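Here are a few notes from my read-through, set out as numbered points. I hope they are handy to keep beside the viewer.

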Amino acid sequence: MFLGLITLSCQTQYQVKNHNSQSIAIAATDTPQVLDQAVIKLITPFKEQLDGQMNARIMVASADLVKENPEGSLGNMVCDVMMRFAKLQGKVPDVCVFNAGGLRIPTVYKGDITIRTIFELLPFDNQLVMVKVNGAQLKDLLDLVAANGGWPVAGLQMKIAQKQAVNVIVNQNILDEKAQYWVLTSDYLADGGDNAAMLKTASERYTFNYLLRDALIMQLKSMFYDGETLQALKDGRITKE
Amino acid sequence: MMEKPYKRLKMEELQKSDRKKFIKQTLYLVGFGALANSPVKVLARAEPKKLSILHTNDWHSRIEPFPLLDKKLGGKGGAAARAAFIKNFRKEKGEILLLDAGDIFQGTPYFNFFGGELEYKLMSEMGYDCVTLGNHDFDAGIDGLLKQMPHARFDMVNANYDFSKTALQGKVKPFQVYKKQGLKIGVFGLGIALAGLVPEKLFGNIIYHDPIVVANKIAEDLKFKHRCDLVVCLSHLGYKYANNKVSDEVLATKTAHIDLIIGGHTHTFLPEPVSYTNVINKKVCVNQVGWAGLQVGCINYTFEPFVNTANEPSSALIELTNLDN
């Protein structure tokens, strides 16, 4: 009988009386003596496999390249370099548009750019593609760019007014809703990701068979080989009212 | 409008539990008389219990500290420093609960080349108890995630994705109940809508359900059916949005019976947990510690025997449990 009672009593609950909290900053350099050796042992063989290929320098940045709204030197660089890559592949896109969320580090710092840098900038396995849209679809896409406060672009100029794209210039001409345009972008956006549903109805698509990061790495390598370095360029391609 | 029938249901349940309590108390007093002891004395011996929760979110494969070239983050983070902190903390406190709110994968070449194997191995070494799935944990597809699961010696929870038409069925549980420091802690997971965020070919046939509806059901079960002392939600919904998209803030204010929401996705560095009032006028804490393993969140709880006006005498029963121990 009494044992039965004990079983019943096990169901009694507790409740929170109070709590305190803190966030502990984790940093290796401040406290080099407190690194967990078991973890270091686990990491080492993986790190050794990566370091050889990842630490290779492929380019030098002459200044910090920064992700910014409505335009930033990092987004501009990625789009400009991708346009050059496409041209070397024999394709001539009119414009280039990527989503800001696709660039995963906020700053590429002045100095050496390694393959690791580009992996961290473009970690997703997205393909570089080109889609053919009419001017009205392109306007819809640029309205999405505007609604997001500005995304990385190349080959166009526009102003953001009331979250819409206005005064759009492509190839020195005002955007023509009836004309056809080739948009260089990622398969993520071309498949309608990040609300780019208007690209799903593109009339044609060309796939380069290069991941975004592989295209960028190839192009930066060849530019560096030719003696170029990266400048932080902001040319007012997107302005805000 | 949804709250009314819900509240009525609760009243019925309270009344039901009152009747149960009365029977228990009566039995208790009868049994107690036989032991010839004083209930007051037993009450006084009920001691508070303590439990610490450590948590991270949005690790994004940041296994090494940030490179020194990085003017803001150079040298910060890193799994080796985090593990050292966690292991020391555990040495000091004994049993703790170690949780992560998702997006363990993606962001450095460690994920591109090894698919998350090292991330899971390191978290196993650190002694994680439970994690939920973020959108980027699907970046290598369902098959990619499945392939890494043997490296994870911790539970994965999500309650609002229907996995029944996928290979993840049974591998990701809606919730898990933990016993730590003599307390019962229910942990469940909530994930963000994957459509439009993750390519369809990667998340396959996972069906997304409304997190609020699911959370109310699961949290109630954890509190009353599983009689958990603390109900924790691991959420990858995001802290809050400018529009009315569901977030941790919405979750906290539109549900009942959740005590703590550990969030992720928006990479928000909350200086301290934010307190909200839920639909039954109780406090809910929401916390999120940025991303990349730059911080570990730490919440130290003190518990007391469950008391409210309908429930007070039941606190005396706790001592019998302790006698049993």
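**Notes on chains A and B**

1. Let me begin with the contacts of chain B: among those between residues at least 6 apart in sequence, 75% join residues at least 24 apart. Please keep in mind throughout that this is a predicted model. Chain B contains 10 helices and 13 strands. It has 325 residues, and 57% of them count as buried. The chain exposes about 14,100 Å², with carbon and sulfur atoms supplying 57% of that area.

2. A good residue to click on in chain B is B:D129, in the loop between α5 (117-126) and β3 (130-132). Is B:D129 buried or exposed? The cut-off for buried is under 20% relative accessible area, and B:D129 has 12% relative accessibility, so it counts as buried.

3. What does the side chain of B:D129 meet there? One of its polar atoms lies 2.8 Å from the backbone nitrogen of B:L98. The side chains of B:D129 and B:K180 are also joined by a polar contact of 2.8 Å. Leaving out residues up to four places away in sequence, the residues that B:D129 touches include B:I96, B:L97, B:F154, B:D155 and B:Y178.

4. B:Q169 sits in another loop of chain B, between β5 (161-162) and β6 (175-180). Its relative accessible area is 47%, so B:Q169 is classed as partly exposed. Apart from neighbours within four places in sequence, B:Q169 is in contact with B:F163 and B:S164. The C-alpha atoms of B:Q169 and B:I206 are separated by 9.7 Å, and the two residues are 37 apart along the chain.

5. Over in chain A, have a look at the open sheet of 4 strands, which run in the order β11-β10-β9-β14 with mixed pairing. Why do β11 (173-174) and β14 (238-240) of chain A each have one side without a neighbour in the sheet? Both stand at the edges with a single partner strand, so one side of each is left free of a neighbour in the sheet.

6. Helix α5 (residues 135-147) of chain A packs on this sheet and touches β9, β10 (164-170) and β14 of chain A. The direction of the helix makes about 125° with that of β10(A).

7. The pairings can be taken one at a time. β9 (residues 156-161) of chain A and β14(A) pair in the parallel sense over 3 bridges, and A:M158 has A:I238 as its bridge partner in β14(A). By contrast, β9(A) and β10(A) pair in the antiparallel sense over 5 bridges, with A:A161 opposite A:Q164 in β10(A). β10(A) and β11(A) are antiparallel too, over 2 bridges, and here A:V170 stands opposite A:N173.

8. For anyone checking backbone torsions, the hairpin of β9(A) and β10(A) has 2 residues between the strands, and A:Q162 takes a positive phi near 50°. The hairpin of β10(A) and β11(A) also has 2 residues between its strands, and A:N171 takes a positive phi near 50°.

9. Last comes helix α3 (residues 73-88) of chain A, which has 16 residues and reaches 22 Å from its first C-alpha to its last, close to the 22 Å expected. How many of the residues of α3(A) are buried? The count is 12 of 16, so the helix is mostly covered; among the buried ones are A:L74, A:M77, A:V81 and A:F85. After α3(A) comes A:G90, with a positive phi near 85°.

Definitions and conventions. Residues are numbered from 1 along each chain as its sequence is written. Chains are lettered from A and ligands numbered from 1 in the order in which they are written. This is a predicted model: local features need pLDDT of at least 70, side-chain atom pairs count only at pLDDT 80 or more; totals for chains, interfaces and linings use all residues. Side-chain values use heavy atoms; hydrogens and water are left out. Buried means under 20% relative accessible area, exposed over 50%, partly exposed in between (1.4 Å probe, protein chains only). Contact means heavy atoms within 4.5 Å. Accessible areas come from the Shrake-Rupley method with a 1.4 Å probe; for residues, only the protein chains shown count as cover. Two strands pair if DSSP finds at least two bridges between them. Axes are lines fitted to C-alpha atoms, for helices over the stretch in contact, and angles run from 0 to 180 degrees between N-to-C directions. A polar contact is a pair of N or O atoms within 3.5 Å; within protein, one must be able to donate a hydrogen and the other to accept it, and residues adjacent in sequence count only if both atoms are side-chain atoms. The expected span of a helix is 1.5 Å times one less than its number of residues.
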